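Subject: A structure for you to explore

Hello,

Here is the structure I promised to pass on to you. Have a look at it first, and then read my notes below.

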Amino acid sequence: SRWCLITSHKLYSSVYDPNEKTFEKLLIANRGEIACRVIKTCKKMGIKTVAIHSDVDANAVHVKMADEAVCVGPAPTSKSYLNMDAIMEVIRKTRAQAVSLNVVSSTCQVFLSSLSLQASEGVTFIGPDTHAIQAMGDKIESKLLAKNAKVNTIPGFDGVVKDADEAVRIAREIGYPVMIKASAGGGGKGMRIAWDDEETREGFRFSSQEAASSFGDDRLLIEKFIDNPRHIEIQVLADKHGNALWLNERECSIQRRNQKVVEEAPSTFLDPETRRAMGEQAVALAKAVKYSSAGTVEFLVDSSKNFYFLEMNTRLQVEHPVTECITGLDLVQEMIRVAKGYPLRHKQADIPINGWAVECRVYAEDPYKSFGLPSIGKLSQYQEPLHVPSVRVDSGIQQGSDISIYYDPMISKLITYGSNRAEALKRMEEALDNYVIRGVAHNISLLREVIVHPRFVQGDISTKFLPEVYPEGFKGHKLTDLERRQLLATAASLYVAEQLRSQRFLGTPRIPIAKSKRSSWELSVRLGDGTYPVAVSKDGSSFSVEVDGMKLNVTSEWNLASPLLSVTIDGTQRTIQRISRNASGETSIQFLGTVYKLQILTKVAAELSKYMPEKAAEDTSSILRSPMPGTVVAVSVKPGDMVSEGQEICVIEAMKMQNSMIAAKTGKV
């Protein structure tokens with residue numbers, strides 16, 4: 001099946017015992033890729049599924065995959081996917097025996113699981129019991145429970161912070177830097193790092209607003225911020241009979257705005273002793289709250305391998321596929337079995353580390369803006385790289401799907417597996433090059449740069465990786481001289497191949513006005529701030545291209561109708577994508593993950609182009625333009641106000657994250 005990675009090792013749970021009694025019908029109270037993920041396992045187990053959806057998701061992939069689908073309200077999540085009354089009504093009407101819910105908000109999980117158990121006789125919640133969700137969903141209570149369970153915890157204030165003044169007082173007592181975070185939070189929402197009093201006051205304001213918007217709970221806590229840590233989490237699996245396992249770790253240190261971007265399993269940093277200690281503490285915490293299902297215990301790990309409890313997520317994590325790859329377990333199937341009351345089938349000694357897996361979160365985001373601000377639009381072209389060996393793609397979209405402002409901008413989870421880390425990373429590089437996404441901005445360029453960066457390859461990473469490696473922000477791939485020549489040669493060959501194709505009709509040469517067989521072209525190619533003379537000559541199916549006085553041999557099948565083009569340049573294979581082109585010679589080519597804009601002209605056209613007037617660029621110095629679509633939730637000025645550079649003008653909320661828009665210069669509104 002599409003979700004199941006084909007590897008050299010067998011999945012322990014790949015064959016389901018048909019004699020093992022299970023649920024007949026399961027309602028999935030989710031959308032997107034996680035809903036599709038659950039449906040795939042249910043199909044394997046012979047369980048019928050019911051999908052819920054908002055009105056704008058009527059044609060979503062998870063709706064089409066399910067056996068039944070019911071609309072529960074309009075687009076906003078609070079009126080549809082978190083509309084508990086509507087969901088309960090669907091449960092009654094469809095007579096679902098079980099409910100799967102995998103949202104961030106612990107409040108919603110508690111509410112739904114309680115109603116399911118109390119109001120609908122015989123309805124089972126796929127997940128831990130209510131008391132465990134409630135205890136672990138509250139960061140304040142979970143930290144106290146972790147302390148009592150002898151789990152290492154971060155120094156901080158264990159109570160609820162009342163206001164900004166108290167936040168400043170507590171921060172001073174703990175010592176800067178501090179982390180301000182939502183008590184009911186998750187997914188990086190409601191989290192701010194503060195290095196001084198001013199940032200503490202600002203962080204308190206934004207975190208409380210984000211927490212209220214995302215979770216309906218604005219309570220905050222403050223704890224010591226551990227500088228340059230790794231974010232490593234332990235997957236746990238427990239049943240209702242007191243059995244609990246730890247399923248190794250996941251390295252999740254590559255983050256932006258406290259949200260994970262690249263994950264892998266196992267971690268390059270942990271030794272067997274540290275791994276075992278973290279696993280045993282994670283299991284101790286699970287047992288302390290009588291946890292029964294799959295869950296994740298997250299830790300911060302410093303450079304000396306000291307680890308501190310961060311939080312426990314009482315749901316199936318986005319990055320769970322990498323654990324499935326190296327252990328062979330289907331975690332969704334295990335969750336369903338536990339919910340049905342079966343004991344775990346495995347012992348701790350049965351859990352292996354088999355190979356290496358890497359996951360990249362592919363988002364509809366512009367990585368050139370704060371490492372990824374949301375993008376919306378319709379996927380005009382979409383092709384997953386499933387033809388690449390050992391690739392798994394968990395997605396909930398397809399060609400024609402809309403990426404809207406209402407939901408998370410994730411396009412998919414791209415996972416590659418290898419017998420070792422180098423093999424998994426090489427396959428990820430190939431998979432990213434072969435991923436076709438058109439219609440929205442996406443973060444493929446950032447993901448590819450991360451996985452090939454020397455620091456990442458060496459395993460020298462922390463949660464500060466992105467700001468440290470790209471202190472001025474992400475600018476895309478920086479071409480070496482050889483790569484620049486390869487790109488110029490490829491672009492010029494592509495141009496000539498198109499010229500030759502245009503001379504043919506249905507594979508037959510058009511009747512020429514004058515007989516001529518042209519075999520060489522003199523071109524001028526503009527790339528960035530440079531313009532380069534390029535000479536191309538045809539030699540059979542190959543092109544000999546002269547750039548910077550050097551000759552390169554470019555070979556391809558030149559299938560210009562395909563979104564992917566495999567090109568060999570002097571023996572080096574590259575997969576490129578032509579994103580766009582127009583009649584003025586301008587073309588955009590995705591090369592090594594980054595999209596480069598070029599203009600290709602004949603030598604004569606290039607000489608005449610200097611007489612063409614250029615359109616003056618728009619002066620935006622006096623305009624405040626939102627870098628992403630969103631909702632204006634606060635305006636801090638009014639017409640006539642004098643503002644200074646850096647002063648807040650308004651606050652934009654997008655995908656439940658709040659962003660302060662500031663003035664670029666001093667002036668009057």
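Before we start, here is one cut-off to keep in mind: a residue is called buried when its relative accessible area is under 20%, exposed when the value is over 50%, and partly exposed in between. Please also remember that this is a predicted model.

**Salt bridges**

Let us begin with charged pairs. Side chains of opposite charge can pair when their charged atoms come close. How many salt bridges does the structure hold? The count is 47.

One of them is formed by Arg 172 and Asp 197, whose closest N and O atoms are 2.3 Å apart. This pair links distant parts of the chain, since Arg 172 belongs to helix α7 and Asp 197 to helix α8, 25 residues apart. Asp 197 has a relative accessibility of 23%, so it counts as partly exposed. Arg 172 has a relative accessible area of 55% and is therefore exposed.

Another salt bridge brings together the side chains of Lys 305 and Asp 271, at 3.0 Å from N to O. Why does this pair tie together parts that are 34 residues apart in sequence? It does so because Lys 305 sits in the loop between β13 and β14, while Asp 271 sits in the loop between β12 and α9. Both ends of this bridge are partly exposed: Lys 305 has a relative accessibility of 28%, and Asp 271 has 21%.

A third example is Asp 460 with Arg 455, where the closest N and O atoms are 3.6 Å apart. Asp 460 counts as partly exposed at 42% relative accessibility, and Arg 455 is also partly exposed, at 21%. Elsewhere, salt bridges that share partners join Glu 33, Arg 37, Lys 44, Glu 324, Asp 330, Arg 392, Asp 394 and Lys 413 into one network.

Arg 37, a member of that network, is found in helix α1 (residues 32-45). Is Arg 37 buried or exposed? At 1% relative accessibility, Arg 37 is buried. You can also find Ser 401, which is 364 residues from Arg 37 along the chain, with 18 Å between their C-alpha atoms.

**Patches on the surface**

Now turn to the surface. Which residues gather there in a patch of negative charge? They are Asp 196, Glu 198, Glu 199 and Glu 202. Glu 199 is part of helix α8 (residues 197-215), and its relative accessible area of 32% makes it partly exposed.

There is a nonpolar surface patch as well, of about 360 Å², made by Val 604, Leu 608 and Tyr 611. Val 604 belongs to helix α17 (residues 603-608) and is exposed, with 55% relative accessibility.

**One side of a helix**

Helix α6 (residues 139-148) is a nice one to turn around on your screen. Its buried residues are Lys 139, Ile 140, Ser 142, Lys 143 and Ala 146. Why are they on the same side of α6? Because they cover an arc of only 165° around the axis. Just after α6 comes Lys 150, with a positive phi of about 65°.

**Backbone details**

Two other residues also have a positive phi. Lys 305, which we met in a salt bridge, has a phi near 70°, a positive value in a residue other than glycine. Phe 371 is not a glycine either, and its phi is positive at about 65°. Phe 371 lies in the loop between β16 (365-366) and β17 (373-374), and at 15% relative accessibility it counts as buried.

Then there are cis peptide bonds to look for. One runs from Tyr 176 to Pro 177, with omega near 0°, and Pro 177 is in the loop between α7 (164-174) and β7 (178-186). Another joins Ala 265 and Pro 266, with omega about -5°. Pro 266 is located in the loop between β12 (259-265) and α9 (272-288).

Finally, have a look at Tyr 308 in strand β14 (residues 307-313). Tyr 308 is partly exposed, with 23% relative accessibility. Its C-alpha atom is separated by 8.5 Å from that of Glu 298, ten residues away along the chain.

Enjoy exploring!

Best wishes

Methods. Residues are numbered from 1 along each chain as its sequence is written. This is a predicted model: local features need pLDDT of at least 70, side-chain atom pairs count only at pLDDT 80 or more; totals for chains, interfaces and linings use all residues. Side-chain values use heavy atoms; hydrogens and water are left out. Patches are made of residues with over 30% relative accessible area and no salt bridge: like charges are joined within 9 Å, nonpolar side chains (Val, Leu, Ile, Met, Phe, Trp, Tyr) within 5 Å. Accessible areas come from the Shrake-Rupley method with a 1.4 Å probe; for residues, only the protein chains shown count as cover. A salt bridge is a side-chain nitrogen of Lys or Arg within 4 Å of a carboxyl oxygen of Asp or Glu. Lys and Arg count as positive and Asp and Glu as negative; His and the chain ends are not counted. The place of a charge is taken as NZ of Lys, CZ of Arg, CG of Asp or CD of Glu. Helices (H or I, at least four residues) and strands (E, at least two) are DSSP runs, numbered from the N terminus. Buried means under 20% relative accessible area, exposed over 50%, partly exposed in between (1.4 Å probe, protein chains only). The arc is that of the directions from the helix axis to the C-beta atoms.
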